[in-house]
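Please walk me through this protein model, starting with one helix and what surrounds it, and then turning to its aromatic rings and a few single residues.

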Amino acid sequence: ELRNTQVGHPTTLAAEEMHKQPFVIGVAGGAASGKTTVCDMIIQQLHDQRVVLVNQDSFYHDLTEEELTRVHEYNFDHPDAFDTEQLLCAMEKLRHGQAVDIPKYDFKSYKNNVFPARRVNPSDVIILEGILIFHDPRVRELMNMKLFVDTDADVRLARRIRRDTVEKSRDIGTVLDQYSKFVKPAFDDFILPTKKYADIIIPRGGDNHVAIDLIVQHICTKLGQHDLCKIYPNLYVIQSTFQI
Ligand code: CTP
């Protein structure tokens, strides 16, 4: 017999609180592996859900004047290049239903104060994307699902050359120097070791439609379970009453 009188108010609140928590997806992988394409495809397929994308790039530290004068010696692929405290702070706010202003990063000026900042509202799904988004355990702990985009090194290098020369107007010599000095070693030392934290490894990135379909199906199932909490906020109590 189910007796609703047993349903305590604090438990109901806890269940509602649980519903409000967004579903957080982490997307990591080497530079130019196709993370953005994977995120865009997931967002597109989750059309009737509220989804926001938060890029780790937005949390690059600003460079000092001295670092700016020797920018080719700066390692943008090292975990210390990112202001993880600021990322954690933004995530904390979003998880508690507050909107946040996320800085816009300018790859040409190396500055993180491009005006206006991007206003991000709390959502049902938050996608956290970046080369080293699995590096800090506190950021990993926020994630309900972790994806690693696994693309061959030659494909990543080819894409990077095209992107950096065309979109960032860098010369090919600079791109290749940065790749051998910082990008490749950082991939081996910091990015690849985080692959073990992934729940799903996606070969070929955005070209892998089957993987994206399966991932989106899983997210929908999880969000559906969240909705059950909304419709039947006492469900957890009912279950525990049965267990007793
Ligand atoms: N980077 C740079 N100059 C800066 C800041 C970052 O060249 N001022 C480079 C870093 O060297 C790093 C890369 O930006 O390797 C990280 O961005 P990347 O992962 O390539 O960008 P996404 O578009 O998110 O990647 P993807 O192609 O996987 O979508």
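Two residues are in contact when heavy atoms of theirs lie within 4.5 Å. A residue is buried when its relative accessible area is under 20%. The model discussed here is predicted.

The protein has 9 helices and 7 strands. Of its 244 residues, 41% are buried. Among contacts between residues at least 6 apart in sequence, 76% join residues at least 24 apart.

Helix α4 covers residues 84-95. With 12 residues at 1.5 Å a residue, α4 should span 16 Å, and its end C-alpha atoms are indeed 16 Å apart, so the two values agree. The buried residues in this helix are T84, L87, L88, A90, M91 and L94. They take up an arc of only 160° around the axis, and therefore sit on the same side of α4. What do the buried residues of α4 pack against? Their partners are the strands β1 (23-29), β2 (51-55), β3 (100-106), β4 (111-120) and β5 (125-129), together with α5 (137-140). After α4 comes G97, which has a positive phi, near 80°.

The aromatic residues are the next topic. A pair of aromatic rings is described by the distance of the centres and the angle of the planes. In the whole structure, 6 aromatic pairs are found. In one of them, the ring centres of Y60 and Y105 are 5.0 Å apart and the planes meet at 40°, so this pair is tilted. Y60 belongs to the loop between β2 and α3 (65-69), while Y105 is in strand β3, so the pair ties together parts 45 residues apart in sequence. Both Y60 and Y105 are buried.

Another pair, F76 with Y110, is stacked, with 5.6 Å from centre to centre and 20° between the planes. Here F76 lies in the loop between α3 and α4, and Y110 in the loop between β3 and β4, so the pair links parts that are 34 residues apart in sequence. F76 has a relative accessible area of 9% and is therefore buried. Y110 also counts as buried, because its relative accessibility is 15%. One aromatic cluster takes in Y60, Y74, F76, F82, Y105, F107 and Y110.

Two members of that cluster, F107 and Y110, are also touched by R170. R170 is placed in the loop between α6 (153-166) and α7 (172-191). Is R170 buried or exposed? Its relative accessible area is 18%, so R170 is buried. A polar atom of the R170 side chain lies 3.3 Å from the backbone oxygen of F107. Leaving aside residues up to four places away in sequence, R170 touches D164, T165, V175 and Q178 as well as F107 and Y110.

Two other arginines have their charged ends over aromatic rings. That of R140 sits over the ring of Y197, 3.6 Å from the ring centre. That of R156 sits over the ring of F187, 3.9 Å from the centre.

The last residue to look at is Q217, in helix α8 (residues 209-231). Q217 counts as exposed because its relative accessibility is 53%. Although Q217 and Q45 are 172 residues apart in sequence, their C-alpha atoms are 9.4 Å apart in space.

How values were computed:
Residues numbered from 1 in each chain as written. Predicted model: local features only at pLDDT ≥ 70, side-chain atom pairs only at ≥ 80, totals over all residues. Heavy atoms only, no water. Helix = DSSP H or I, 4+ residues; strand = E, 2+ residues; numbered from the N terminus. Expected span 1.5 Å × (residues − 1). Buried < 20%, exposed > 50% of the residue type's maximum accessible area, 1.4 Å probe, protein only. Arc of directions from axis to C-beta. Polar contact = N/O pair within 3.5 Å; in protein donor to acceptor, adjacent residues only side chain to side chain. Phe/Tyr/Trp six-rings, centres within 6.5 Å; stacked < 30°, edge-to-face > 60°. Lys NZ or Arg CZ within 6 Å of the ring centre and 35° of its normal.
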